[in-house]
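Dear colleague,

Please find the structure below, which I am handing over to you for your further work. My notes on what was found in it follow directly after.

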Amino acid sequence: MPGGSVEKTHPTLTHNVNFVEPRSSKKVLKSSLAETFFPDDPFNGFKNERPMTKMLKGVKYFVPIFEWLPNYNFKLFRYDILAGITIASLAIPQGISYADLTKLPPIVGLYSSFVPPLIYAIFGSSKNLAVGTTAACSLLIAQTIGEKVSPTQNPSLYIQLVFTATFIAGVLETVLGFLRLGILVDLLSHSTITGFMGGTAVLICLQQLKGILGLSHFTSKTDLISVMKAVFSHRDEKTKKPKLFWIAAMAPLATVIVGGLFAYFAHAEKYGIQIVGPLKRGINPSSINELNFDLKYISAPIKAGILASIIALAEGIAIGRSFAIMKNEQTDGNKEMIAFGLMNIVGSFTSCYLTTGPFSKTAVNYNAGCKTQMSNVVMAIILMLTLLFLAPLFSYTPMVALAAIIMSAMFGLIEYEKAYHLYKVDKFDFCICMVAFFGVSFIDMDIGLALSVGLGILRALLYTARPATCKLGNIPNTTLYRDVEQYPNTTGTSGIIVLQLGSPIFFSNASYVRERVLRWIRDEEASDDKQDNSVEHVILELGGVTSIDMTGIEGFYELRRLLQAKGIKIALVNPRIEVLEKLMKSKFVDAIGKDSVFLSIEDAVGAYKFRLDGPTKLNGEDYALLEA
């Protein structure tokens with residue numbers, strides 16, 4: 001019979017495992033590094049190109065402005081200038097507000113919306129992201145630096161440490177980007193970010209009670225109990241405000257400009273209404289000499305820089321990707337980290353504090369119809385003109401207006417629907433979210449974040465230590481084998497049990513895998529569903545086992561010895577190349593025999609059925625093929 005027709009009629013009898021010579025250590029290492037650090041294969045387009053072409057493509061890859069600027073035209077600029085003006089109108093009040101939240105001079109908030117957007121426009125890959133300061137990072141920096149140095153008692157040192165924290169954050173972000181270690185940012189799960197942002201929003205809203213109520217004394221702590229204690233302990237200060245307070249409280253509803261006009265014409269500062277205060281004209285002064293690496297204080301900026309950079313990266317990259325998906329575009333997370341890092345390094349040299357891609361500003365930029373990163377350039381130019389000519393006009397802005405602006409922005413960060421969705425879909429994810437929310441709200445920002453991340457890591461470790469295993473059965477009239485719990489109508493073969501291992505086998509789970517396989521066998525033999533419950537062959541499907549270490553291999557050896565003592569033979573199905581190479585090098589394949597390694601489950605079951613039942617159960621053609 002022709003080979004083609006035999007293969008079609010009896011596919012289970014013609015599949016062979018490819019026992020190739022194991023790859024060299026150099027090739028394995030190169031493959032592992034490529035998959036770890038370059039999973040998206042970013043340099044695929046560089047192959048088979050001339051050196052000059054490779055260099056030009058390399059420049060475009062690392063400096064995206066050279067990719068989109070040559071094709072830029074006036075049609076695109078019409079959209080970008082509108083978007084740039086729109087986000088600039090938001091950047092001015094938010095910049096001043098978030099600077100006050102960070103306990104910095106308001107002008108620093110305007111500085112931070114001028115230089116960083118220019119740097120991002122050069123190195124950033126997202127067309128939708130709008131650069132600016134964020135409330136969460138602002139509060140985190142204020143809390144961490146404020147624990148070491150008081151912003152009121154030693155403001156100059158406090159500012160120096162904030163700039164130093166920004167520099168450290170920028171260096172860390174750049175290094176992570178160049179080393180393509182975005183995997184570290186992934187430790188902040190979606191649940192953690194949701195809970196952290198919600199808890200931070202609650203804290204920030206409570207912090208704004210100082211401005212809303214006109215309190216001159218307030219706590220520097222950020223937990224809920226300390227803030228409420230400060231509000232009630234200084235409640236007598238609220239009686240000092242006259243009727244004009246309510247006029248100032250309406251200012252946020254009519255924008256910062258209207259509030260400033262009220263404050264100016266009513267001489268609000270004379271009536272106890274707090275205003276922003278003097279804002280000097282001029283663009284960013286150099287702050288490179290302000291960086292302070294004094295060992296006495298360096299622990300605070302290091303801690304603030306690390307925590308704030310991780311939060312900023314997770315928030316900025318996630319937001320950039322979310323809006324890119326809406327336009328069927330892609331953003332490179334590692335290039336984004338480099339762009340964020342460079343803009344924060346340069347920012348720390350030019351009197352700016354930490355910036356990223358805030359959601360509110362990016363949403364406005366997207367809805368305004370931005371087409372390229374040029375919208376950030378337009379925003380930066382408007383901020384430059386504001387700093388040069390208009391900054392003093394904002395000095396009369398009531399603090400109550402800034403507090404209201406921050407609070408209105410924070411309400412959108414408390415995502416009730418998303419938390420409820422987590423509860424409905426995954427209770428453990430909901431717990432991670434709530435730990436972050438209540439930890440941040442009632443204990444401390446970094447403690448709440450650490451608890452949530454720790455719980456997420458614990459969950460990942462549990463998944464690793466207790467990998468999924470299941471018994472497979474045959475779906476009638478097919479060659480498909482599926483989980484018997486999910487598909488109860490599947491059937492098994494007497495004397496044969498098929499088990500699927502669904503994760504890498506390491507030192508942390510090797511014992512569990514061994515015990516779980518033995519338990520499956522005990523359960524099978526104790527089952528009342530079959531007349532003959534004895535197990536003679538165990539088939540392990542390894543398609544989901546992506547890797548195995550020496551402890552895992554030793555676990556296989558021990559499992560084989562235990563099964564051999566019971567007269568049970570073990571077979572492997574579909575081992576991946578890395579796993580098969582290690583099993584070959586460790587001689588495990590030789591120990592069980594190459595004839596016990598199969599390409600598919602039906603191959604293994606067919607072979608063992610023949611060994612169990614003999615040729616009388618097969619037709620003559622099957623027997624002839626097996627004899628051949």
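In this predicted model, D549 is buried and yet forms no salt bridge. The nearest side chain of opposite charge belongs to K582, at 7.2 Å; a salt bridge would require the charged atoms to lie within 4 Å, so the separation is too great for one.

What, then, does the side chain of D549 reach? One partner is the backbone nitrogen of T551, at 3.3 Å. Another is the backbone nitrogen of G552, which lies 2.8 Å from a polar atom of the D549 side chain. As to its position, D549 sits in the loop that links β4 (537-541) to α24 (550-565). Beyond its neighbours within four places in sequence, D549 is in contact with I505, F506 and F507.

The strand β4, which precedes this loop, leads to the second matter, its pairing with β3. The two strands run parallel and are joined by five bridges; within this pairing, L499 has L540 of β4 as its bridge partner.

Strand β3 (residues 496-501) also pairs with β1 (residues 469-474). Here the sense is antiparallel, over four bridges, and T469 has L501 of β3 as its bridge partner.

Is β3 enclosed or open? Five of its six residues are buried, so β3 is largely enclosed by the rest of the structure.

Yours sincerely

How values were computed:
Residues numbered from 1 in each chain as written. Predicted model: local features only at pLDDT ≥ 70, side-chain atom pairs only at ≥ 80, totals over all residues. Heavy atoms only, no water. Buried < 20%, exposed > 50% of the residue type's maximum accessible area, 1.4 Å probe, protein only. Lys, Arg positive; Asp, Glu negative; His and termini not counted. Polar contact = N/O pair within 3.5 Å; in protein donor to acceptor, adjacent residues only side chain to side chain. Contact = heavy atoms within 4.5 Å. Pairing = 2+ DSSP bridges.
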